[in-house]
Amino acid sequence: MGTEDIEDIEGNRGAGGAGPLAGLAAERVDVRFKGLPPDADGLTVGELAAQRRNLFTGGFTTPVLALSAERLTHNLELMETYATRHGLSFAPHGKTSMAPQLFHRQIEHGAWGITLAVPHQVRVARAFGIQRVFLANELVDPAALRWIAAELAADPDFAFVCYVDSVRGVELMDAALADAGTRPLDVVVELGAGEGARTGVRTEAECAAVADAVAAVPTLRLVGVAGYEGEVPEADPERVRAWLRRLVALAADFDKAGRFDGADQVIVSAGGSAWFDVVADVFAEIPELSLPVLKLLRSGAYVSHDDGHYRKITPFNRVPEEGALEPAFLLWTQVVSRPSPEQAFVNAGKRDAAYDLDLPLPQAVRREGAPERPATGISVSGLSDQHAWLRTAPGADLEVGDWLGLGLSHPCTSFDKWQLIPLAEADGTVVDYIRTFF
């Protein structure tokens, strides 16, 4: 972005999302953005969107990642309905997309706020007017803590919550915030998911020690407990349920001991993209506490879903009566080589496609003058930097020049390879462009 664009965002940041998002539409199209029509260089993003070009006939070059407008809307509406049905508040994890336009659409669809993981992501969210942030990490960086303190001082409507998972962490946070002169920083104790899991306090006794450390400093305020059930070792429904019940019991014990004195509500938070059905079940069991309880779900991958890993693990497979998410990404590539009947190559590889969980999955073939058809008999066997290696079964109809749409696995590492993503309707009409900030 140019200097004027950045200044526009920073100047409008306290006024909600409208001003900053308008700044995105004013950004100029240029060579930073893969796959866009060469003749669009110099247009603003808003001007290009207003042309409503067709993804397949409007001059776009391959590879180009497209996000389905209809499927995106479906996924947003489904999770809004799901959270409401189960009495959950929702702070979807923004690290999935790092797209402020999608953050605001998630909030429009009922999200309480946005979950993030590191200070840079919080800065992006704040630059685009996000008023509630849940940082699912312990924050001990002094520069970042001072910046957060300044945000809290400047904006009384800004709500920020982060993890604490050690007495040492509490000490570092207090030292960084000691001279901030602002309201206390809200924190939740992170309960670890078990031995060998990722972050978090391993035992309830250690959780109490961390809570005591928070109570002993004026710079922090304990407002709840949280964790991530996706890290439960050898996770299955019963192991996940058992850990979630530990989390709920921890909240109840802390409340009984008066550890949330001074808080306005008690936050109990969990929920990735694999077990949110179990989270909903166990959070329904939370007993009445001395304060209102904010049952905060944090699933993020739903926004685009995928054709691989998350299609296999989504809780909607266990509760199909609740609906189904739809994969919203297709990476459109072009066949550039067909050296044998068993092999072909398209012009997208590791620089373009997520591959950390599964290889891309061919979904559709387009040939000039013919209707789109399923990619029958075609599979991806490997990726180079700029090529996907295809295996083609006998009789597979594929030739040089064809466009091949690849479904992707893992939304997070799909979004992060593309700075500007066409939002396309089913007939290929591009109605908007989604800007990411990784």
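This is a short walk through one structure, taking a helix, then the open and enclosed spaces, and then the aromatic side chains.

Before anything else, please keep in mind that what you see is a predicted model.

Let me start with helix α4, which runs over residues 69-85. At 1.5 Å a residue, its 17 residues should span 24 Å, and since the C-alpha atoms at its ends are 24 Å apart, the expectation and the model agree. Which residues of α4 are buried? They are A69, L72, N75, L76, L78, M79, Y82 and A83, and I would ask you to remember Y82, since I will come back to that residue. Just after α4 there is G87, whose phi is positive, at about 70 degrees.

Now to the spaces. The largest pocket holds about 520 Å³, and of the 25 residues that line this pocket, H93, K95, R198, Y228 and G272 are the closest to its centre. Strand β4, residues 132-138, and helix α12, residues 309-313, each supply at least two residues of that lining, and the largest share, three residues, comes from α12. Sorted by class, the lining of the largest pocket consists of ten nonpolar, eleven polar and four charged residues.

The second largest pocket has about 410 Å³ of space, and of its 21 lining residues the closest to the centre are S68, R71, L330, W332 and E372. Here helix α4 returns, for α4 is among the elements that give two or more residues to this lining, together with β1 (64-68), β10 (329-340) and β12 (361-366). The lining of the second largest pocket has twelve nonpolar, three polar and six charged residues.

Turning from pockets to cavities, how many of 30 Å³ or more does a search of the whole structure find? The search finds four, and the largest cavity contains about 50 Å³ of space. Its lining is made up of E190, L191, G192, A193, A197, R198, T199, G227, Y228, E231 and W243; by class, five of these are nonpolar, three polar and three charged. You may recognise R198 and Y228 in that list, as both were named among the residues closest to the centre of the largest pocket.

That brings me to the aromatic side chains, where the count comes to 13 aromatic pairs. In one of them, Y82 and F276, the ring centres are 5.2 Å apart and the planes stand at 70 degrees, and because an angle over 60 counts as edge-to-face, that is what we call this pair. Why does this pair tie together parts that are distant in sequence? Y82 belongs to helix α4 whereas F276 belongs to helix α11, residues 276-283, so the contact links parts that are 194 residues apart in sequence. Both of these residues, Y82 and F276, are buried.

A second pair, F158 with F160, is tilted, with 6.1 Å from centre to centre and 50 degrees between the planes, and again both F158 and F160 are buried. F158 has a further partner, as R126 lies over the face of its ring, at 3.9 Å from the ring centre. Elsewhere, the charged end of K34 sits over the ring of W418, 4.0 Å from the centre of that ring.

Finally, F56, W332 and W403 form one aromatic cluster, and W332 is a residue we have already met, as one of those closest to the centre of the second largest pocket.

Note on methods:
Residues are numbered from 1 along each chain as its sequence is written. This is a predicted model: local features need pLDDT of at least 70, side-chain atom pairs count only at pLDDT 80 or more; totals for chains, interfaces and linings use all residues. Side-chain values use heavy atoms; hydrogens and water are left out. Helices (H or I, at least four residues) and strands (E, at least two) are DSSP runs, numbered from the N terminus. The expected span of a helix is 1.5 Å times one less than its number of residues. Buried means under 20% relative accessible area, exposed over 50%, partly exposed in between (1.4 Å probe, protein chains only). On a 1 Å grid over the protein atoms alone, a cavity is a set of points where a 1.4 Å probe fits but cannot get out, and a pocket is an open set with protein on both sides within 12 Å along at least five of seven lines; lining residues have an atom within 4 Å of a point. Grid points are joined across faces, edges and corners, and a volume is the space filled by probe spheres set on the points. Ala, Val, Leu, Ile, Met, Phe, Trp, Tyr, Cys and Pro count as nonpolar, Asp, Glu, Lys and Arg as charged, and the others, Gly among them, as polar. Rings of Phe, Tyr and Trp (its six-membered ring) pair if their centres lie within 6.5 Å; planes under 30 degrees apart count as stacked, over 60 as edge-to-face and the rest as tilted. A charge sits over a ring if NZ of Lys or CZ of Arg is within 6 Å of the ring centre and within 35 degrees of the ring normal.
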